[in-house]
Each structure stands twice: as structure tokens, then as C-alpha cells.
Amino acid sequence: MLCRILTLLFVSLSAGSAIAQSPSNLLLNPALNFHCFTNSRTGEGAEFKSGSIACWDVATYGDAEAYRAARQQVFRPGFAVDNVMVIHPGKSVSQFALLAELGLDGGEHVSLSVFGHQAKPKSLRASIHMMRLDSDEGSWSPKEFGLSDARTFPKHSRGELTALPTMASVSGEQTDFELKVEKAMIPFGFTESGTTSTKQPNVIGITVEFTNAGSEDVWIYSPCLARGDVAVNRLPEGRAIPDYYRGIPRTIQKLWRGEPLHLIVMGSSIDRGSANPPMTAYDEAPKSPTFKQPLSKVREFEGDVVGHPEWNDYTGWWQHHYMYGGRLRQWLMQKFNYPIDRLLLNTMACDGSCIAESHSGLEAYATLSLPPDPGANGHAKSKTWQELYPAVFSRPEGARPDLVIFGSGANEKVDGADEVAAFEGAIRWFQRHYPGTEFVFCMWQNRETYTPNTGHLRELSLRYQIPFIDLGRVISETTRYCNSYALVPSDGHPQAAAHYLWARQLERAFEVADPIASGIAQLSLPERLSPHTIGWEGEVTTYNADDKRLHGNRAFILDDTFVNVWATTKDDLVGIRLDGAPDEASRRRPSRARDNRNSTFATGRFSLGDRHIIEVTGKDSALVAVDAKTALNRQTVPVTGPRWKLPTKLEPFASEWGAPFGDASVKLTPGASAITDFIGTDLSVAYVDAADGGELIVTVDGEERLKTSTNTAFTDADGKPHFMENRKGIRGLPYGWHQVCVTCDGKPVRLLGAFTYDTRPNRQAERVERGRAFPGETIRFTAGFKSRPWIVCSGGLQVKIEDVNAMSVKFTGTGEGGYEVIGE
């Protein structure tokens with residue numbers, strides 16, 4: 001076992017032995033700034049107090065309240081401050097921070113000062129808690145305490161952070177006072193090991209806490225935590241309140257108004273807390289004889305154990321309570337005074353899942369078509385969605401999603417750097433179906449090496465103006481102070497304490513204090529970041545095992561560029577072939593049935609417009625189901641339709657692959673042509689490969705765009721050649737009204753038809769000119785278009801495609817009318 005033992009004894013840092021640093025207040029929001037949302041909920045004018053204070057935590061909304069100092073009449077602060085805080089009897093207010101965030105190190109000293117006012121002596125207790133990860137000598141097994149898990153684990157990572165040691169002081173006899181806690185040393189020491197645990201400190205953070213131990217209100221102001229042996233006050237603030245809230249203005253406004261919300265948590269087992277051993281409630285009292293022993297013997301959440309039996313219907317398993325999403329909901333309830341039945345936490349995150357697979361379940365989760373279920377969405381099975389969240393369903397907009405949180409979900413690592421398209425496609429799917437849906441990125445990134453997706457999300461953050469919270473860097477920097485396996489065990493799944501850190505970072509997206517800055521609305525459907533996104537943002541069609549599109553239950557022609565398959569085999573892994581070549585990039589696990597969040601293989605890195613084939617191989621391999629997506633704004637133009645001008649009669653085409661491109665063809669001989677037109681940006685021409693096939697030639701607007709042979713067979717996994725349907729794409733045309741002519745050379749070609757696309761990311765560049773005209777009149781456009789524009793006529797006005805170009809249009813028809821010219 002390779003381990004690194006680091007132990008640092010007491011070190012006294014003086015001005016001569018430490019790098020000079022300007023003294024500053026290490027607390028977030030020591031000025032106790034706040035935002036009062038009472039105006040938004042009740043219409044009352046008073047906004048000088050609030051039951052929640054940015055960056056400060058309470059057990060229940062209103063346990064402590066912030067006031068504008070000038071608006072309260074209880075006492076006069078000893079010096080000018082903007083705000084004061086009242087802590088009600090028996091209540092506490094606290095703030096946690098990681099040592100990495102504070103810039104502190106093991107062996108350093110910190111001191112705390114706070115001013116206050118009390119009606120009775122000795123009412124305020126001020127504490128500095130050193131927050132350590134669980135770590136003790138030896139090993140343990142959940143089975144020893146009545147749980148079913150018989151595995152053995154090191155005695156680390158059990159439950160929550162422990163406040164040990166604590167230094168505290170109590171206010172004296174004076175009514176107005178300054179209370180200090182001085183020379184609190186940060187313990188340091190750990191052994192780096194994934195298999196052995198020790199009693200070393202593993203201290204990673206500090207919690208400052210103020211508790212009213214009396215029977216009357218206690219007032220405080222100007223709290224100050226500073227580096228050093230002596231408590232000082234009125235130092236400049238060293239840390240600014242994050243302003244992530246600006247990037248989710250719609251969500252924040254709804255929280256202020258108390259409106260019900262539907263939150264979706266995306267991700268994998270990491271997100272939903274599927275840790276080893278399974279997360280459960282532990283005795284967290286350090287002086288208890290059963291310290292760090294499980295308090296529950298079942299997987300199901302037991303609200304009585306944590307003092308909230310009313311949460312039982314809303315929380316499926318213990319892991320859903322301790323996962324960062326569950327913690328976020330609890331924090332939002334405290335911070336914004338919400339009951340649990342107005343915050344629908346829809347846990348889409350699933351063991352083994354990845355962003356690619358999730359596309360098959362987006363609609364089911366967004367529409368809440370799956371009933372409450374612990375394994376499906378983190379809820380108990382006891383009630384329906386409508387019974388659990390009546391206010392969400394009574395909204396005018398219905399139970400649509402409001403906020404989507406992207407956490408992990410990086411298991412498969414499909415498509416390399418192009419996996420960014422899977423994330424972007426999901427974002428755009430939500431934006432098209434549920435305009436106004438907002439997103440937050442807070443991705444797990446263990447050791448800053450686990451996934452490349454953090455880089456992808458940074459790119460998307462820039463393009464879409466979505467808040468990106470850099471959890472990975474904070475977690476990585478925290479390993480300076482602890483055994484990294486006590487933070488995240490060797491299996492890679494964060495335990496409760498790590499989920500606590502995750503939630504603490506995510507919560508900062510919702511911290512708001514006046515004066516607020518204006519919101520930065522997320523960009524809806526901007527220019528795509530990846531060229532592959534067009535296939536990911538389309539609509540899913542499911543093909544089951546009995547569908548004729550599944551060729552021999554082992555192969556499938558994609559609808560466009562995205563495919564998600566479920567397949568079985570008697571081998572350990574399902575073999576995958578893409579367009580005749582083996583793929584070894586993913587895990588390819590067998591799947592006996594279609595699942596919304598787990599599959600055998602998914603990918604979306606194909607060229608639009610071309611034919612693509614996926615095959616499964618291996619002993620007794622078979623496709624169970626296939627999900628394919630049709631790219632946006634695709635139209636099918638078969639030769640059987642009225643859009644074609646054909647030189648000869650149609651012939652039937654007997655497809656062995658379910659006829660994805662049509663069941664009829666037209667035989668083009670040299671000198672003959674088939675003509676059609678379309679409105680859009682991209683074209684795909686479908687044809688039949690045959691041993692005697694000629695050369696297919698396609699011109700668009702008089703320019704040759706495609707020339708390809710039609711005598712190439714597809715060779716399957718068994719080495720069998722197939723002369724079958726095929727298609728080729730013509731990409732990158734400017735948006736407009738295009739004329740297509742298909743001919744051949746040498747030998748005949750059998751044409752099946754075409755698919756047309758409008759792949760523009762949005763219509764921001766679209767230009768429209770309107771007016772009235774008469775037959776025979778020629779209208780010159782204000783400025784030229786990139787291509788022949790589409791003309792929409794009304795009244796007696798008509799137009800022929802040959803009478804339109806990028807600069808002008810000549811009208812025909814039976815009488816005057818109106819027109820619209822649409823192009824770019």
C-alpha cells in the first residue's frame with residue numbers, strides 16, 4: 001500500500017514567518033445584507049427586514065432575522081452599520097466555508113469577533129467549529145448494525161462532517177458587548193489511503209455559529225472572522241457574495257414570489273447518491289457511545305429519524321435525502337420559506353446513466369409521465385404527483401420544468417470531444433418544448449480528471465449564458481487538507497459529506513442580497529456550438545424488436561444522426577459496428593429491456609444526410625429496442641409524392657430494412673432527369689445501390705453538388721454484401737427556395753426520393769419583405785438575399801421558381817395580391 005502520511009504539529013504563524021497578507025474579514029456577507037421578498041408575496045410596502053440572510057444558515061426560515069439598523073428601535077449599534085440580526089431564543093445562525101475558500105492552512109489560527117445586544121446576561125454563544133471528515137482506525141460492515149450490506153469498509157466517509165474540535169465563548173453581563181473567540185487553531189494531519197483509515201484530523205472547513213442560549217432575543221452585528229491570534233473587527237470584506245443568481249432570473253423571481261417550482265436533477269449514480277456503502281442516517285454526536293453508527297436498518301427514508309415525518313412521501317430512499325439535490329431542496333425551503341409540496345424535485349439521475357442515454361427519457365421526465373417511484377425519480381410510491389404537488393399542477397403553465405441542474409452523467413464518455421453536442425441537444429430540447437426553462441451547471445469532477453464534460457459545460461456556459469459553478473476545482477483544492485478517499489471513497493461515489501459540499505456550492509446560485517444587479521437572461525436557441533447538435537435536439541422515435549426496421553434483429557438504418565440501442569448477447573459485452581466498422585469506445589453492456597435512462601450504446605456523431613447503419617454482434621446478439629431521432633425541420637419527399645417531376649413511371653422497391661427511404665423508385669436513364677424544389681438549408685438524396693447502378697448526379701440551383709456511384713454494396717458483420725437503399729447529404733446551402741435536378745451518367749440509377757432540412761439554429765438572420773403587386777410586375781428587393789428566397793403569395797398573385805432570384809421576383813397570376821419574401 002502506497003500512502004503518504006502528512007502530520008503538522010502546532011505552528012504559530014507570525015508576520016515574520018508567513019507571507020504578508022492584508023487583514024480581511026473571511027466571512028461571506030458580514031454586513032448581513034439581505035433581500036426582502038415580502039413585497040413580492042404580500043404586496044406590503046415594508047422591506048427593511050427579512051427572515052433569511054444571504055450566506056447565513058438557519059434551521060427554519062425566521063429563526064434569525066436581519067433588519068436595517070436604522071429601522072429597529074431595540075438598541076443603537078456602537079458604530080454605523082447597515083444591518084443588524086436578531087436571533088430568537090433557542091435558535092442558531094451559522095456559516096460554513098472550506099479552508100480552500102478561505103485561503104487558510106493547517107496549523108494557522110483564526111479568531112472571531114462580533115458585537116451584540118442582549119436583554120439578559122450570557123445569552124449569546126459564539127463558536128468556531130473545525131469541520132472534519134469522518135476518519136477513524138479500523139474497518140466496519142453495515143451488517144454489524146442490522147443492515148443487509150455484508151461488505152467491509154474503512155472507517156471513513158461515514159455520514160456528515162463532524163464539528164470537532166470547537167472553540168466557543170459566551171457573552172458576559174453587559175447589555176451591549178463585543179464577544180470574541182481567539183486563537184482557534186486549525187488541526188492538520190491525514191494519511192492518503194483508499195483502504196486504511198486513521199484518527200487523524202482531516203479538517204477541511206470551518207463553521208462559525210452564533211446561538212441564542214437565553215430566553216429573550218439577542219441582537220448581533222459586524223461579525224468578523226480573521227486570520228491570527230487576536231480577534232479584530234471592522235476589517236474589509238475579503239470575499240464577495242457570488243452573483244450566480246443573475247443567470248437564473250426567472251427561477252429567482254419565482255422563489256421570491258413563493259410560486260411552485262419543478263426542478264429536474266440530471267446525472268448518474270454519483271448525482272443520486274448511490275454510494276458504497278449506501279448512504280443512511282448515522283449518530284452524529286461525537287460524545288455518543290454509538291457515534292457514527294447507523295440509525296436506520298432500511299434503505300427507505302424514515303423521516304422520524306431526522307425529525308421530519310412529513311417528508312416521507314417526498315423522499316424515496318435515504319440517498320435521496322442526502323444527495324445534493326435533496327439538500328438543495330431543504331435549503332430552498334429554509335431560505336425562501338417554502339413547504340415541501342411546492343418544490344417538486346424530479347431526480348432523473350440514475351445509476352450508470354449518461355447524458356447520451358438521457359435523451360430517451362427527456363419527454364417522460366419533463367411531462368411527469370412516470371409515477372412517483374424511488375428508483376425512477378426519488379419519491380416514495382405512496383401518492384400520485386397531483387396529490388404530492390397540487391400547486392405545481394394548478395399553475396397556468398402546468399407542471400412543466402422550471403430549472404434543470406446538470407451534475408455528473410458522464411459515464412459513457414461517448415463521441416469524445418463531440419459529446420458536447422449531447423449536452424447542447426438536451427438544453428435545446430428543453431428550450432424548444434418549454435421556453436423559459438433555466439439551467440445551472442454544477443458538475444462533479446473528482447480530482448479534476450474524471451470527465452471532459454466540465455470543459456464542455458464551460459463552453460456552453462459562454463454560449464448560452466448559463467451559470468457554471470466550478471465544483472471540481474473546490475473539491476480538488478480540498479484534498480490538500482485530507483485523505484482524498486475520506487472525501488470520496490475509492491469506488492468514486494461521493495458520500496454524504498461530499499454531497500454536503502456539492503450542495504453548498506450549488507446553493508450559491510440562489511444567494512441574493514440587495515442591492516441586486518440586473519438579471520442576465522439565458523440565451524434561447526443561439527447559434528449551435530457543435531455541428532453535431534442538430535441530430536441530438538430532434539424528436540425520438542422508438543422501434544421495438546418486432547418492428548420491420550430492425551433488420552434480422554441485429555441491424556438498423558438510422559433516421560438521421562442519433563441512435564440509442566438496447567441489445568442482448570450471451571457475451572459479456574455487446575459488439576457494436578457503425579457503418580461497417582467495429583466500435584470499441586463504450587461499455588456496451590447488455591440490456592434486456594428498453595429503459596429511459598440506461599442503454600447498451602448511444603451515439604450522435606454522424607454526418608447529416610448520409611445513410612448510417614448500426615449493427616450488434618456477439619453470441620446470440622439481438623436488438624431489443626432502438627431509439628432514433630429525426631433532425632429538426634426535416635421533410636420527406638418520396639418519389640411517390642406530388643413534388644417531383646418524373647420522366648417515367650414508378651416501380652415498387654422491396655426493402656429488406658423496413659423501407660426507411662420509401663417503398664417505390666423511379667429508374668433514371670442517361671439523359672433523363674427528376675426535378676423537385678424545396679425550402680431549407682440541406683438536402684439528402686435517397687437511391688438504390690445495385691450491381692449495375694450508374695453514377696448519380698445532383699445539381700442544386702444549376703450547380704453540381706453531388707456525384708456518386710450507386711453500385712456499392714454494404715457488407716454486414718457476417719461478411720454478406722447487401723445491395724440496398726442508400727442516401728447522400730448535400731450540406732451548407734444558404735436558406736432559401738432551391739431547385740433540385742437529379743440525373744445519371746453511364747448506367748441507370750434508381751431514385752427513391754429526398755429528405756430536406758432547415759438546420760438554422762434560429763431565425764435571427766431571417767429577413768422578410770412584404771408588399772402588394774400585380775401579375776407581370778417585377779419587384780427588386782431592398783438588398784440581395786443569400787439565395788433565392790421563398791415567396792408567399794395571396795389574392796390572385798402567383799410566382800414561378802424560375803422567375804425568382806436572389807435580387808428580384810417577377811409575379812404572374814390572375815390579379816393583384818400581397819406577397820411575403822422570406823430569406824436571409
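**Exercise 1. Which side chain meets that of Glu173 in a salt bridge?**

Keep in mind as you work that this is a predicted model.

*Solution.*
- Step 1: Look for the partner. The side chain of Glu173 meets that of Lys122, with an N to O distance of 4.0 Å.
- Step 2: Place both ends. Glu173 sits in the loop between β10 (162-170) and β11 (176-185), and Lys122 in the loop between β6 (109-118) and β7 (124-132), so this salt bridge ties together parts that are 51 residues apart in sequence.
- Step 3: Check the surroundings. The cut-off for exposed is over 50% relative accessible area. Glu173 comes out at 57% and counts as exposed, and Lys122 is exposed too, at 52%.

**Exercise 2. Work out what is unusual about the backbone of Lys122, then find another residue with a positive phi.**

*Solution.*
- Step 1: Start from the general rule. Most residues other than glycine have a negative phi.
- Step 2: Read off the angle. Lys122 isn't a glycine, yet its phi is positive, at about 55°.
- Step 3: Recall the location: Lys122 belongs to the loop between β6 and β7.
- Step 4: Move on to Gln465, which is not glycine either and has a positive phi near 60°. Gln465 is in the loop between α12 (453-464) and α13 (471-478). With 31% relative accessibility, Gln465 counts as partly exposed.

**Exercise 3. Compare the settings of two salt bridges, Arg554 with Asp718 and Glu769 with Arg767.**

*Solution.*
- Step 1: Take Arg554 and Asp718. Their side chains form a salt bridge at 3.4 Å, N to O. Arg554 is in the loop between β20 (550-551) and β21 (555-557) and Asp718 in the loop between β35 (714-715) and β36 (721-722), so the pair ties together parts that are 164 residues apart in sequence.
- Step 2: Add accessibility. Arg554 is partly exposed at 26%, while Asp718 is exposed at 60%.
- Step 3: Now take Glu769 and Arg767, whose closest N and O atoms are 3.0 Å apart. Buried means under 20% relative accessible area. Glu769, at 14%, is therefore buried, whereas Arg767 is partly exposed at 24%.
- Step 4: Zoom out. A search of the whole structure turns up 47 salt bridges. Some charged residues are linked in a network: Arg250, Lys254, Arg257, Glu259, Arg395, Glu397 and Asp402.

**Exercise 4. Decide whether the faces of strand β18 are covered or open, and find its bridged neighbour.**

*Solution.*
- Step 1: Sort the side chains of β18 (residues 438-441) by face. Glu438 and Val440 are on one side, and Phe439 and Phe441 are on the other.
- Step 2: Check burial. These four residues are all buried, and both faces of β18 are covered.
- Step 3: Find the neighbour. Strand β17 (residues 403-406) runs parallel to β18, and 4 bridges join the two. Among the bridge partners, Phe406 goes with Phe441.

**Exercise 5. Where do the cis peptide bonds from Leu164 to Pro165 and from Asp514 to Pro515 fall?**

*Solution.*
- Step 1: Again, begin with the rule: most peptide bonds are trans.
- Step 2: Check omega. The bond from Leu164 to Pro165 is cis, with omega near 0°, and the one from Asp514 to Pro515 is cis as well, with omega near 0°.
- Step 3: Assign the prolines. Pro165 is part of strand β10, while Pro515 lies in the loop between α15 (496-507) and α16 (533-536).

Note on methods: Residues numbered from 1 in each chain as written. Predicted model: local features only at pLDDT ≥ 70, side-chain atom pairs only at ≥ 80, totals over all residues. Heavy atoms only, no water. Buried < 20%, exposed > 50% of the residue type's maximum accessible area, 1.4 Å probe, protein only. Pairing = 2+ DSSP bridges.
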